[in-house]
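I opened the notebook today to look at helix geometry and aromatic contacts. Come along and have a look.

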Amino acid sequence: MVPLRDENPIRITPYVTYALIAANLLIFIYELTLAGPQLDGFFHLFAVVPKELTYSFNGISVNQPVPEPLTLITSQFLHAGFTHVGFNMLFLWIFGNNIEEELGSVKFLIFYLACGVLAALTQWFFSANSVIPSLGASGAIAGVMGAYILKFPKARVVTLLPLGFFFTTLRVPALFYLGFWFLQQAFNGVAMLEAPANVGMESGGVAYWAHAGGFIFGAILGPLLGLFAPDTKPPAYNTEPESY
């Protein structure tokens with residue numbers, strides 16, 4: 001099921017969410033201008049290469065102009081294709097604005113980047129010797145989703161459901177939609193532990209542990225940064241018609 005929007009209005013302009021989406025899209029457009037070898041080099045330089053990160057943690061130089069620990073942040077703005085960037089930005093668009101409203105713009109940016117770093121480290125823990133670059137905003141956005149499911153479990157997510165050649169929409173509680181998404185990531189992550197080395201991250205597949213880890217850390221960091229602080233914002237304007 002593809003999420004289209006949530007029924008959870010906001011009372012602010014989510015500038016950081018917009019800026020993050022714009023940055024990701026602009027960098028992806030730049031990626032499209034690079035030829036194959038150039039793009040591979042770009043990814044190798046700015047994405048997380050787990051084996052090189054392991055060397056860096058052990059004090060071994062990998063002779064890269066960009067310090068490998070810094071790629072824990074730069075990798076969050078890289079994407080491997082239109083579907084990758086499209087779905088990531090869709091999820092950030094739907095769920096990011098509400099969490100930015102709850103945390104405030106500055107703390108939301110810190111929260112987002114921290115979730116991305118911790119998600120990448122989770123994936124690194126399970127693939128410390130991989131030479132496949134790990135990249136994408138999925139881990140950070142998973143953190144946003146982890147905070148969202150705690151704060152807005154009953155919010156309805158309008159989703160597109162394909163039924164053969166026909167499509168319909170469903171209004172699904174966030175607790176169900178995001179909870180199922182997390183269980184799927186965790187299950188696939190565990191399954192990958194038993195998979196041969198030529199699948200999953202070892203062949204450039206989906207970083208399921210980054211998704212699951214980001215979700216969990218988001219659920220932890222959100223409350224620590226004030227996700228459940230008393231609401232001091234003015235009430236939203238009532239846009240419903242009144243009867244007299």
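**Helix α5 and ring pairs**

I started with α5, which bends by about 40° at Gly96; the bend is the angle between axes fitted to the seven residues ending there and the seven starting there. This is a predicted model, where local features need pLDDT of at least 70, side-chain atom pairs count only at pLDDT 80 or more, and totals for chains, interfaces and linings use all residues. Residues are numbered from 1 along each chain as its sequence is written, and side-chain values use heavy atoms, without hydrogens and water.

Helices are DSSP runs of H or I with at least four residues, numbered from the N terminus. I checked the span of α5 (residues 82-103): its 22 residues should cover 32 Å at 1.5 Å a residue, and the end C-alpha atoms are 30 Å apart, which agrees. The expected span is 1.5 Å times one less than the number of residues. Just after α5, I found Gly104 with a positive phi of about 90°.

Next I turned to rings. Those of Phe, Tyr and Trp (its six-membered ring) pair if their centres lie within 6.5 Å; planes under 30 degrees apart are stacked, over 60 edge-to-face, the rest tilted. I got 15 aromatic pairs by this rule. One of them is Phe42 with Phe46, tilted, at 5.2 Å centre to centre and 50° between the planes. Because they sit four residues apart in helix α2 (residues 36-46), about one helical turn separates Phe42 and Phe46. I also noted that ring pairs link Tyr30, Phe42, Phe43 and Phe46 into a cluster.

Notes:
Helix = DSSP H or I, 4+ residues; strand = E, 2+ residues; numbered from the N terminus.
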